[in-house]
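Biologist: I'm new to this one. Could you show me how to read helix packing in it?

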Amino acid sequence: MPDRDPVQDGLPGEDLYDVAEWDARSLLDRFSVALYGLLHTSRRWALLVVALFLFVVQLGFAGLLVVREPNLGVLALLSAVPAVALVAYVWYGDPTRREPIDTLAITFVLAVVFAAIAALVNTLLSGVFELIPVVGTALFFFLVVGPIEETVKWLAIRTYAYETESFDAVVDGAVYGAVAGLGFATIENALYIAQGYLQAADLSQMAQLQQAIGTSLSRALVGPGHVLYSAFAGYYLGLAKFNPDDRGPIVVKGIVVAALIHGAYNTLVSVLPSVLSFWNVLTLLAFVVVFDGVVGYALYRKLSRYRSYYARASEATDAATETGDGPAEP
């Protein structure tokens, strides 16, 4: 696609304002520039305000319940421990400059807030897929839950961390993706634990707590998956940042990969208990370890490949500097 109009090529040096070229000259031009800047800047804030409103409306009750029952908050934090360990590994394994804690924290909070968008969409569309026999559940996970949840986690990276100076390498996307997954898993765990507690409202206080403990243990198995899925999407977001000509397809590839893995996990966990007569807690644990192990190994291979290339690039740069063949100082 040509990047210049024929008039520009045929009349070099001519004043082509409002014909084939443009710059802000008139009052309307300057107003248009200012309005575009406002809209461009405010779009992120608008997204954040909408997500925050949904968060307060949909998920705020979980926070209020945790305030009333601090034990639920403790269980929610404990359920996130496996996911935290996985995030720490990804962060520590970054061969480039360590990502700053404040940017990681903002990504975490954004993922917590944006989770409300996924909760709303999932709730609105779940009834539609329940009407589809046999394959309705699988379609719901692959077409709604996976894509929506991975997209909102991706937004948690894209809204802030992506634009910072600290996001200066492809692998940084995996780090921020892992943190976004942790934020999403944390609020999702808290929500499920609170729901489990409320569902046992007719039972004794001890029975309610036991229900919440059981939920937290099961949710502890889910958290690492969220971290792994969004780490993939984040890695491809990092790849897209440094390949602007193919940015769109690369981003789509990352979200599709994450959504497919996510959908496969949800579908298998939902279907296997009805197929396998020996399905129990230990079987579930074994399945999660195997599934996340395979996905984690794939991510490990991808990050290891980046680290090996980074090491080679660093050695080449150091060698060029020592021999005086490096880039000239400005």
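Modeller: Let's talk about confidence, then two helix pairs. This is a predicted model, where local features need pLDDT of at least 70 and side-chain atom pairs count only at pLDDT 80 or more, while totals for chains, interfaces and linings use all residues. Residues are numbered from 1 along each chain as its sequence is written, and side-chain values use heavy atoms, leaving out hydrogens and water.

Biologist: What is the mean pLDDT of the protein?

Modeller: pLDDT is the predictor's confidence in each residue, from 0 to 100. Here the mean is 82, and 80% of the residues reach 70 or more. Among the elements, helix H3 (residues 70-79) has the lowest mean, 60, and H6 the highest, 95. Where pLDDT is low, don't read the predicted coordinates in detail.

Biologist: And what counts as a helix?

Modeller: A DSSP run of H or I with at least four residues, numbered from the N terminus.

Biologist: At what angle do the axes of H9 and H10 cross?

Modeller: Axes are lines fitted to C-alpha atoms over the stretch in contact, with angles from 0 to 180 degrees between N-to-C directions. For H9 and helix H10 (residues 281-323), it's roughly 165 degrees, and the axes come within 12 Å. Angles under 35 degrees count as roughly parallel, over 145 as roughly antiparallel, 65 to 115 as roughly perpendicular and the rest as oblique. H9 and H10 are therefore roughly antiparallel.

Biologist: How about H6 and H9?

Modeller: The axes of H6 (residues 136-158) and H9 (residues 247-275) come within 7 Å and cross at roughly 135 degrees, so this pair is oblique.

Definitions and conventions: Helix = DSSP H or I, 4+ residues; strand = E, 2+ residues; numbered from the N terminus.
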